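Please open the model in your viewer and keep the selection tool at hand. The tour below goes through the enclosed spaces inside the protein, one stop at a time.

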Amino acid sequence: MQREAAEIRERWLGQALSTLPADRPAAEAAISALYHLIGLPPPRFHWVASPLIALATVPPGLGPAQSLERVAEWPLPPRLVALKNELRRGIDAKVRGLQQPLEQVIRRTVQAPLLNSGGDCLLRPLSHAHTGEFAWTNRWHESQLVAWIAHYDALRRIAGVVFTAEQLRQWGLWATVASSCHWWWPAEHVCVVSERPVALHTEVWKDDGQVRLHHADGPAVRYADGWSLHSWHGTRVPAWVITDPTAERIAAETNVEVRRCAIERLGWPEYVEQAGLRLVGTAPDPGNPGSELRLYDMRRETKVLVAVNGSVERDGRRRRYGLTVPGHFTDPLAAAGWTYGLSAEQYSRLLRRT
């Protein structure tokens, strides 16, 4: 059962992160049917190349005050969310009779990883397109993530939950939209729909199949109009971090997370050389045979301890990383112990025993 659940998760993750051109006829037909369910005629569709274009312009048919950034205040999204919630309540009533462990496996294997992956890979670029404050808990945005759709798909296929014909039809409409296009914003007479990105790069970073944005050689997300987003292991970074990291740029960067990513992208040996860091001391790492702890002066009242990760990364390599420590340290073992709340002697003995 767990394998079946994982297969369903991967299938829906592929749909959510697809870079194929949108299936416009399928998306328009499904959205029109959803409009019909709340008593409205089909809208006029306005397609855009990216969320940035959607949010930066006011499409014909919308008033000057109808900014897509304030979609939660529009009248239609709450009505569509209510439609979705009514569908979910009806299906959830059938689920209550299931064995609790079965539903928990589906939630843990399907819904949770997809919700987290969608937040990082889809909501993060959308938030970057906003010029104002972005509401991460916007119910309209959450309705478009595939996590809830995949959850009910798994309940239907694995747990044997029987949908009524109407429930299956409505679930199918939401599933079709999620499988056919990117973000969409429904107004009464016009619906703005975004094309998918033309490139989207991710990495698996948890055992449950969760993914996050990452690309070491260019934008992690890129749209046909050229708008893009760079990401280093899930952290959004300026383009220079990926394309041309230098010690000089790193020194000028005020964001500590961006600095960390840039140093990792450049590599600690290269960063140490470019920055001209003075070596204070070295010592064999007792818990990592064959590896060395190296302590450098970094900034005023700060030193950096460069070490090699004791565990192997997914790519089979051991990552070299740096930890900032107080400037009074001169012994690498003492600095390493401090990061664990231990003395140099305790750190050495503890690692020898593990």
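Begin by selecting Gln144, Ala178, Cys181, His182 and Trp183, which, among the 16 residues that line the largest cavity, are the ones nearest its centre. Bear in mind, as you look around, that this is a predicted model. The space in front of you has a volume of about 180 Å³, and it is one of two cavities of 30 Å³ or more that a search of the whole structure finds.

Next, colour the helices α1 (2-16), α6 (139-144) and α8 (165-180), since each of them supplies at least two residues of this lining. Which of the helices gives the most to the lining of the largest cavity? That is α8, with three residues. If you then colour the lining by residue type, you should find eleven nonpolar residues, four polar ones and one charged one.

Now move to the second largest cavity, where about 60 Å³ of space lies. To display its lining, select Leu13, Ala16, Leu17, Leu114, Ser117, Gly118, Leu122, Leu145, Val146 and Ala147. Two elements, α1 and α5 (100-129), give two or more residues each to this lining, and α5 gives the most, with four residues. Keep α1 highlighted as you go from one stop to the other, because this helix supplies at least two residues to the lining of the largest cavity and two or more to that of the second largest.

Finally, colour this second lining by residue type as well: it divides into eight nonpolar and two polar residues, with no charged residue among them.

Key
Residues are numbered from 1 along each chain as its sequence is written. This is a predicted model: local features need pLDDT of at least 70, side-chain atom pairs count only at pLDDT 80 or more; totals for chains, interfaces and linings use all residues. Side-chain values use heavy atoms; hydrogens and water are left out. On a 1 Å grid over the protein atoms alone, a cavity is a set of points where a 1.4 Å probe fits but cannot get out, and a pocket is an open set with protein on both sides within 12 Å along at least five of seven lines; lining residues have an atom within 4 Å of a point. Grid points are joined across faces, edges and corners, and a volume is the space filled by probe spheres set on the points. Ala, Val, Leu, Ile, Met, Phe, Trp, Tyr, Cys and Pro count as nonpolar, Asp, Glu, Lys and Arg as charged, and the others, Gly among them, as polar.
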